[in-house]
Amino acid sequence: MQVEKTSKLISVLLARPGNSKDLGDSLQICKEQYGNIMDSMAEAKSQVAQRNVIEARFKFSSVVSYYESCNDSFTKGTSPIVEEAQGVYDLAGNCLDIMKAIQDRESRRRRGGSPVTSPSVPSPCQGQVGLCS
């Protein structure tokens with residue numbers, strides 16, 4: 001899993017001698033945030049299994065917030081985990097998009113609207129990696 005890979009990289013970088021105080025502090029923040037990310041993803045998975053899309057979406061949203069907290073801890077352009085972290089961000093964004101689509105589909109179904117079918121016009125976010133606005 002990308003989150004575990006990034007978390008392990010953070011631990012390796014933290015253990016490296018000669019890190020500046022700023023880098024060490026940022027990596028420590030990221031270590032904590034990635035622990036939170038793993039917890040939130042496990043909770044989201046549990047919520048999906050219980051078909052609680054709203055709570056799962058909330059948990060995936062918190063993953064993005066934790067990612068941002070880690071990313072913001074580095075001085076601009078100094079993150080040694082930028083590529084790995086981007087993979088986590090993209091994953092969370094895609095999961096948020098999927099949860100939103102499921103939530104919308106369930107809302108239409110509950111309202112008794114027309115049967116839910118695949119859209120004939122592609123979504124503007126179709127094929128997009130990351131958050132869709």
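A salt bridge is taken here as a side-chain nitrogen of Lys or Arg within 4 Å of a carboxyl oxygen of Asp or Glu. By this criterion, a search of the whole structure, which is a predicted model, finds five salt bridges.

One of them lies in helix H2, which spans residues 21-49. Here the side chains of lysine 21 and aspartate 25 meet, with an N to O distance of 2.8 Å. The two residues are separated by about one helical turn, because they are four residues apart in this helix. Lysine 21 has a relative accessibility of 62% and therefore counts as exposed. Aspartate 25 is partly exposed, with a relative accessible area of 36%.

Further salt bridges occur in helix H4 (residues 82-111). Glutamate 106 pairs with arginine 109, and the closest N and O atoms are 2.7 Å apart. These partners are three residues apart in helix H4, so about one helical turn separates them. Glutamate 106 also forms a salt bridge with arginine 110, at 4.0 Å from N to O. In this case the spacing is four residues, again about one helical turn. Salt bridges that share partners thus join Glu106, Arg109 and Arg110 into one network. Accessibility varies within this network: glutamate 106 is at 17% and counts as buried, since the limit for that class is under 20%. Arginine 110, at 63%, counts as exposed.

Helix H4 also holds valine 88. This residue is buried, with a relative accessibility of 1%. Beyond its neighbours within four places in sequence, valine 88 is in contact with Gln2, Val3, Thr6, Tyr34, Ile37 and Val63. The C-alpha atoms of valine 88 and valine 3 are separated by 6.0 Å, although the two residues are 85 residues apart along the chain.

Threonine 6, one of the contacts of valine 88, is placed in helix H1 (residues 2-15). Its relative accessibility is 0%, so threonine 6 counts as buried. A polar atom of the threonine 6 side chain lies 2.9 Å from the backbone oxygen of glutamine 2. Not counting residues up to four places away in sequence, threonine 6 touches Tyr34, Ile81, Glu84, Ala85 and Val88. Tyr34 is thus listed among the contacts of both threonine 6 and valine 88.

Methods. Residues numbered from 1 in each chain as written. Predicted model: local features only at pLDDT ≥ 70, side-chain atom pairs only at ≥ 80, totals over all residues. Heavy atoms only, no water. Buried < 20%, exposed > 50% of the residue type's maximum accessible area, 1.4 Å probe, protein only. Polar contact = N/O pair within 3.5 Å; in protein donor to acceptor, adjacent residues only side chain to side chain. Contact = heavy atoms within 4.5 Å.
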